[in-house]
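Trainee: Before I use any of the labels attached to this structure, I would like to understand how each of them was reached. Could we go through them one at a time?

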Amino acid sequence: MKPAIQSANDPVSAAASRFSATPFVRRKLRFESIARWLFFLMAAAMIVPLLWLLGHLVMGAAPSLSLNFLLDPPIKGMKEGGIWPALVGTIYLVVMALALSAPVGVLAAVYLNEYARDNWFHRAINMAVINLAGVPSIVHALFGLGAFVYAAQFGYSILSAALTLAIMTMPVVITSTREALAAVPRSFREACWNVGATRWQTIKAVVLPNSISGILTGIILEVSRTAGETAPIMFTGAVFFKAVERGDLFPYQLTDQCMALSLHLFALSTQVPGVSESTQYATAVVLLGVVLLMNATSIVLRIFLRSRMKW
Amino acid sequence: MNPQSKIKVQDLGLAFGSHEVLRHISFEVFPHEIFGIIGPAQSGKTSLLRCLNRTIDFSSDARQTGTIAIDGQDIRKVEDLYELRRKIGMVAPLPVGLPMSIYENVAYAPRCSGISRKADLDDRVERCLRQAALWDEVKDRLHSLGTRLSGGQQQRLTIARALSHEPEVLCLDEFSIAIDPVTTMRIEEVLQELRAQITIILVTNLVQQARRLADRTAFLLNGELVELNRTEVIFSDHPASRKTYEYVHGLFG
């Protein structure tokens, strides 16, 4: 830069050198292009393992995948047949866990973000939420075993397993909901308070309508993670095998134990000898399908709600 | 001038934690006057307004001392805090169009106070938008988004919203910093018309704006009320305080 300024007295050379690159500028531009390519490579690297994984799984699963595979119960010591009981079990668990954790988590997050003042009690709640979100799932499993299976005497059941999953997902639901709420500008809230709106009137009119897409996205992403959890349900209510009729939509009671895709996959690949490889692959594909379906739902929902967002 | 004061502030002090923002502020605002408050940034002007409608309560570390009375009633002892806030219209420095339609922006406050008949709301919306000199520009698109308006229009929408709950006092906090001079002049005209109906507190860092509009002007500096007098006196060559003279003549600030 400096030479350009020094030669400013001479109009011709000033004009010529004004946009010519100094060593500093050249270095800056080089860095700029390196940074850009580095970031691009990292972003592109994300897609490779995903496609590889999907391709590998689907190719391996192809011989077994069929509608019957989805609808049939496993037979002959799980060596043949389908995965219907596990699929239904996973849906049961996930839906129940969601029904328990989403309302509590969202309401708690609204309280913490919109009502709570900065005092020791609310700081303690915040700390608890953050720490709970970081607790490994195996610890939640043991907690669920002690709290729901034994202490509350729900036994090894869908109820215990769903409660355990709900406890596990709640802190994450709270955290993601709080982030969505915090993204709504404070000036909107102040404008409402200034015209005499109560906190709830403010939340209803501007906070929730403008954060609902983020809240739902957070919940659904968390749900899809829940679908893959193995440890918490293995300790509290999921079993290797449970006899269920083909295509039966309501095979389980709340107090029953159930099968689940994640545990089924674990069983097929490590516990039962002689299961064909394609069956294992197909089970993985179905589990992945359930998760991807939920993520897709969240994306569609987000696009829909974004389109209704107003700022 | 009516000796019965609309707002009476006595020995007001305010601190955020250990940081004092207002000290020993006392003044009265009379009905139907435009009361100007001038002062450099960080002098406590906005905090003072937030004390008036008690939105200061939302800052959990704020400690307030002294009393503020509106129509003789201590605002710390009101039963319906939200009615108090509705008595005071507040216009923030940056225009805030709420993310809803233009109509809903103005109908929101009446709705919150329990008015739900469509005809009443329609009347209220039209009257407030007219008062804020915005009606002609938006009457054909009342149901499009308030956030899509230009900055100057949004500020007038903000004023319409501040009028929508029929306040007795209208507080404007540096309303012109984000809008163009022409819109500023239009709003100033609007304020001149409104003074017949309500009391206006005009916080501004444009000293000439206070000079044009205010009947009396207070000069706030570092959280203290340096001087309060008729606007002519404040802007004359002989205000009581040397600091006032220096500030209004642009020697510092």
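The conversation below takes up a series of labels and sets each against its criterion.

Mentor: Keep in mind from the start that this is a predicted model, and that pLDDT is the predictor's confidence in each residue, from 0 to 100.

Trainee: How do you know what confidence chain A has, and which of its elements has the lowest mean pLDDT?

Mentor: Chain A averages a pLDDT of 85, and 93% of the residues score at least 70. Among the elements of chain A, the lowest mean, 49, belongs to helix α1 (residues 2-6), whereas α8(A) has the highest, 93. Where pLDDT is low, the predicted coordinates should not be read in detail.

Trainee: Why is B:R76 called exposed?

Mentor: The label exposed requires 12 or fewer other C-beta atoms within 10 Å. B:R76 has 11 C-beta neighbours inside 10 Å and therefore counts as exposed. This arginine is found in the loop between β5 (73-74) and α2 of chain B, and its C-alpha is 39 Å from that of B:L251, a residue 175 places away in sequence.

Trainee: What makes B:E174 partly exposed?

Mentor: A residue is buried at 20 or more neighbours and exposed at 12 or fewer, with partly exposed in between. B:E174 has 19 C-beta neighbours inside 10 Å, so it counts as partly exposed. Its place is in the loop between β7 (169-173) and α7 (181-194) of chain B, and its phi is near 45°, a positive value in a residue other than glycine.

Trainee: Where does B:D11 lie, and what is the sign of its phi?

Mentor: B:D11 lies in strand β1 of chain B, and its phi is near 50°, again a positive value in a residue other than glycine. With 11 C-beta neighbours inside 10 Å, B:D11 counts as exposed, because the limit for that label is 12.

Trainee: How do you know that β1 and β2 of chain B pair, and in which sense?

Mentor: Pairing requires at least two bridges between the strands. Strand β1 (residues 7-16) and strand β2 (residues 19-29) of chain B are joined over 7 bridges in the antiparallel sense, so they count as a pair. Within that pairing, B:L14 stands opposite B:L22 in β2(B). The hairpin of β1(B) and β2(B) has 2 residues between the strands, and there B:G17 takes a positive phi near 60°.

Trainee: What makes β4 and β5 of chain B a pair as well?

Mentor: Strand β4 (residues 62-70) of chain B and β5(B) run antiparallel and are joined by 2 bridges, which meets the requirement of at least two, so they pair. The bridge partner of B:I70 in β5(B) is B:Q73.

Trainee: Which strands of the sheet are called edge strands, and why?

Mentor: The open sheet has 4 strands in the order β2-β1-β4-β5 (chain B), with antiparallel pairing. The edge strands are β2 and β5 of chain B, and what earns them the name is that each pairs on one side only.

Trainee: How many bridges join β9 and β10 of chain B?

Mentor: 6 bridges join strand β9 (residues 216-221) to strand β10 (residues 224-230) of chain B, which run antiparallel; with at least two required, they therefore pair. B:L221 has B:E224 in β10(B) as its bridge partner, and in this hairpin, with 2 residues between the strands, B:N222 takes a positive phi near 50°.

Trainee: What makes up the largest nonpolar core, and which element gives the most to it?

Mentor: The largest nonpolar core has 142 residues, and those with the most contacts inside it include A:L93, A:A162, B:A160 and B:I201. Helix α8 (residues 158-182) of chain A gives the most to this core, with 15 residues. Leaving aside neighbours within four places in sequence, A:L93 is in contact with residues including A:I158, A:A162 and A:A260. In soluble globular proteins, nonpolar side chains tend to be buried together.

Trainee: How many residues does each chain bring to the contact between A and B?

Mentor: Chain B brings 24 residues and chain A brings 18. On the side of chain B that touches chain A, α2(B) gives the most, with 4 residues, and by class that side has 13 nonpolar, 7 polar and 4 charged residues.

How values were computed: Residues are numbered from 1 along each chain as its sequence is written. Chains are lettered from A and ligands numbered from 1 in the order in which they are written. This is a predicted model: local features need pLDDT of at least 70, side-chain atom pairs count only at pLDDT 80 or more; totals for chains, interfaces and linings use all residues. Two residues are in contact if their C-beta atoms, placed from the backbone, lie within 7 Å. Ala, Val, Leu, Ile, Met, Phe, Trp, Tyr, Cys and Pro count as nonpolar, Asp, Glu, Lys and Arg as charged, and the others, Gly among them, as polar. A nonpolar core is a set of buried Ala, Val, Leu, Ile, Met, Phe, Trp, Tyr and Cys residues joined through C-beta atoms within 7 Å.
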